[in-house]
Amino acid sequence: QVQLVESGGGLVQAGGSLRLSCAASGRTFSTSAMGWFRQAPGKEREFVAAITWAGDSTYYAGSVKGRFTISRDNTVDLQMNSLKPEDTAVYYCAAHTSGSFNSGRSYGYWGQGTQVTVSS
């Protein structure tokens, strides 16, 4: 069993930065790839970024590449720079179980989400 708790969301102006953190517990965390997804109002949940269990490979959605950075140590963090109003969404941390990293169906454990709002 894996439990995930996100933190670090908030309100920021366009061009600003936020750092999200995901604290995980459970014996499989250290051997699980981890991902971040987001869901804006009225839209489908979408992949943001993923990192392998060893932290040696990372993957990003095209819309955030070059602006967001995923990392992991004791937590899984998402550094978000140059934020845009279209980044506004609830951001979810997830633990990968099997399948492609950019599909929500590949993740078996999810956090409760943290709200990120970017004002123009």
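## Sheet pairing and aromatic contacts

Four strands form an open sheet in the order β1-β3-β8-β7, and their pairing is antiparallel. Its edges are formed by β1 (3–7) and β7 (68–72), each of which pairs on one side only. On average, neighbouring strands of this sheet are turned by 15° against each other, with direction ignored. The model described here is predicted.

Strands of a sheet pair through backbone hydrogen bonds, in either a parallel or an antiparallel arrangement. Between β7 and β8 (residues 75–80), the pairing is antiparallel and extends over five bridges. Within this part of the sheet, I70 stands opposite L78 in β8.

The aromatic side chains are considered next. Six aromatic pairs are found in a search of the whole structure. For F37 and F47, the ring centres are 5.6 Å apart and the planes stand at 75°, so this pair is edge-to-face. The contact links distant parts of the chain, since F37 belongs to strand β4 (residues 34–39) and F47 to strand β5 (residues 46–51), 10 residues apart. F37 has a relative accessibility of 1% and therefore counts as buried. F47, at 13% relative accessibility, also counts as buried, because the cut-off for this class is under 20% relative accessible area.

A further pair is formed by Y59 and F101. Their ring centres lie 5.0 Å apart with the planes at 45°, so the pair is tilted. Y59 lies in strand β6 (residues 58–60), whereas F101 lies in the loop between β9 (89–96) and β10 (107–110), so the contact ties together parts that are 42 residues apart in sequence. Y59 counts as partly exposed because its relative accessibility is 35%. F101 is likewise partly exposed, at a relative accessible area of 22%.

The geometry of these two ring pairs is set out below.

| Ring pair | Centre separation | Angle between planes | Class |
|---|---|---|---|
| F37 and F47 | 5.6 Å | 75° | edge-to-face |
| Y59 and F101 | 5.0 Å | 45° | tilted |

Which residues do ring pairs link into a cluster? The cluster consists of F37, F47, Y92, Y107 and W110. F37, a buried residue at 1% relative accessibility, is thus both a partner of F47 in the edge-to-face pair and a member of this cluster. F37 also takes part in a contact with a charged side chain: the charged end of R45 sits over the ring of F37, at 5.9 Å from the ring centre.

Key:
Residues numbered from 1 in each chain as written. Predicted model: local features only at pLDDT ≥ 70, side-chain atom pairs only at ≥ 80, totals over all residues. Heavy atoms only, no water. Pairing = 2+ DSSP bridges. Helix = DSSP H or I, 4+ residues; strand = E, 2+ residues; numbered from the N terminus. Axes fitted to C-alpha atoms, helices over the stretch in contact; angles between N-to-C directions. Phe/Tyr/Trp six-rings, centres within 6.5 Å; stacked < 30°, edge-to-face > 60°. Buried < 20%, exposed > 50% of the residue type's maximum accessible area, 1.4 Å probe, protein only. Lys NZ or Arg CZ within 6 Å of the ring centre and 35° of its normal.
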